[in-house]
Amino acid sequence: MIQSMTGYGKATAELPDKKINVEIKSLNSKAMDLSARIAPAYREKEMEIRNEIARVLERGKVDFSLWVEKKECADAATPINQVLVEGYYNQIKAISENLHITVPTDWFQTLLRMPDVMTRTETQELSEEEWGIVYAAVKEAVSHLVDFRKQEGAALEKKFREKIANIHRLLESVTPYEKERVDKVKERITDAL
């Protein structure tokens, strides 16, 4: 069966605290050209993902994205690093005194804009169970892309068959004129000689 080189596939996986989204697109290319954007928690599995995509698709310009949507809950708010805020406060105050610069009037606004004050630093270990769910979503997205390619391929095959049938029909309509054309060519060559 003919498969188109263009395709699109998407899948999602629901976990208790988050939703995993997987999206894959492909265009025509002679070789496998894979661009992958993967959420940090799953980057350690990038080679496994790339190998699965390359095994199934073989070639094409492929864009792969895997991102996470956190589910809303009361403790999901990004914590403010109080130690860092205090450090910035003391540093700004000291610089202000040393250089005779007026201190900010809105301390809170100033301190919250400082680097890493509102950054979540915790890292979660990827469990085999979670990876199994995510990997199944990756395979499902790739499967949807393959189905899309097959549908496109079927449409292309239909077009090709229509065009080939049209060429055959036109070729048959020309056949009665062939003897006349050959006679005229012979006559022209004979006259030229």
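H100 is found in the loop between α2 (82-99) and α3 (107-112). In this predicted model, the phi angle of H100 is near 55°, a positive value in a residue other than glycine. H100 is also exposed, with a relative accessible area of 73%. A second residue of this kind is E58, which has a positive phi of about 65° although it is not a glycine. E58 belongs to the loop between α1 and β4, and its relative accessibility of 62% places it among the exposed residues.

These two loops sit within a chain whose secondary structure comes to four helices and four strands. Along the sequence, the elements follow the pattern β-β-β-α-β-α-α-α. The radius of gyration of the chain is 32 Å, well over the 16 Å that the globule rule gives for 193 residues, so the chain is more spread out than a compact globule. The dimensions show the extent of this: taken along the principal axes, the C-alpha atoms fill a box of roughly 110 × 50 × 25 Å. Buried residues make up 25% of the 193 residues. The chain exposes about 14,100 Å², of which carbon and sulfur atoms supply 55%. As for the contacts, among those between residues at least 6 apart in sequence, 78% join residues at least 24 apart.

The last helix in the pattern deserves a closer look. Helix α4 spans residues 128-192 and bends by about 45° at P176. Which residues of α4 are buried? They are E130, W131, V134, Y135, A137, V138, A141, V142, L145, V146, R149 and G153. These buried residues pack against β1 (7-14), β2 (18-27), α1 (46-57) and β4 (60-70). The partners of α4 in this packing thus include both strands and a helix.

One of the buried residues of α4, E130, also takes part in a salt bridge. K18 forms this salt bridge with E130, the closest N and O atoms being 3.0 Å apart. K18 lies in strand β2 and E130 in helix α4, so the pair ties together parts that are 112 residues apart in sequence. Both K18 and E130 are buried, each having under 20% relative accessible area. The strand β2 that holds K18 is also among the elements against which the buried residues of α4 pack.

The count of salt bridges comes to seven, and two others can be described beside that of K18 and E130. The side chains of E46 and R50 meet in a salt bridge, with 2.9 Å from N to O. Being four residues apart in helix α1, E46 and R50 are separated by about one helical turn. An α-helix has 3.6 residues a turn, so residues three or four places apart point the same way. E46 counts as partly exposed at 23% relative accessibility, and R50 likewise counts as partly exposed at 24%.

The other pair lies in α4. R181 forms a salt bridge with E178, and the closest N and O atoms are 2.7 Å apart. R181 and E178 both lie in helix α4, three residues apart, about one turn of the helix. R181 counts as partly exposed at 45% relative accessibility, while E178 counts as partly exposed at 33%.

Helix α4 also contributes to the nonpolar surface. A nonpolar surface patch of about 340 Å² is made by I2, L156, F160 and I164. Of these residues, I164 lies in helix α4. Is I164 buried, partly exposed or exposed? I164 is partly exposed, with a relative accessible area of 46%.

A final stop is S29, which lies in the loop between β2 and β3 (32-38). Which residues does S29 touch, not counting those up to four places away in sequence? With that exclusion, S29 touches M5, R59, G60 and K61. K61 and G60 fall within β4, the strand of residues 60-70. S29 and I92 are 63 residues apart in sequence and 55 Å apart in space, C-alpha to C-alpha.

Methods
Residues numbered from 1 in each chain as written. Predicted model: local features only at pLDDT ≥ 70, side-chain atom pairs only at ≥ 80, totals over all residues. Heavy atoms only, no water. Bend = angle between axes of the 7 residues up to and from the residue. Buried < 20%, exposed > 50% of the residue type's maximum accessible area, 1.4 Å probe, protein only. Contact = heavy atoms within 4.5 Å. Patch = residues over 30% accessible without salt bridge, like charges linked within 9 Å, V, L, I, M, F, W, Y side chains within 5 Å. Areas by Shrake-Rupley, 256 points an atom, 1.4 Å probe, with all protein chains shown as cover. Salt bridge = Lys/Arg side-chain N within 4 Å of Asp/Glu carboxyl O. Rg over C-alpha atoms; globule rule 2.2 N^0.38 Å.
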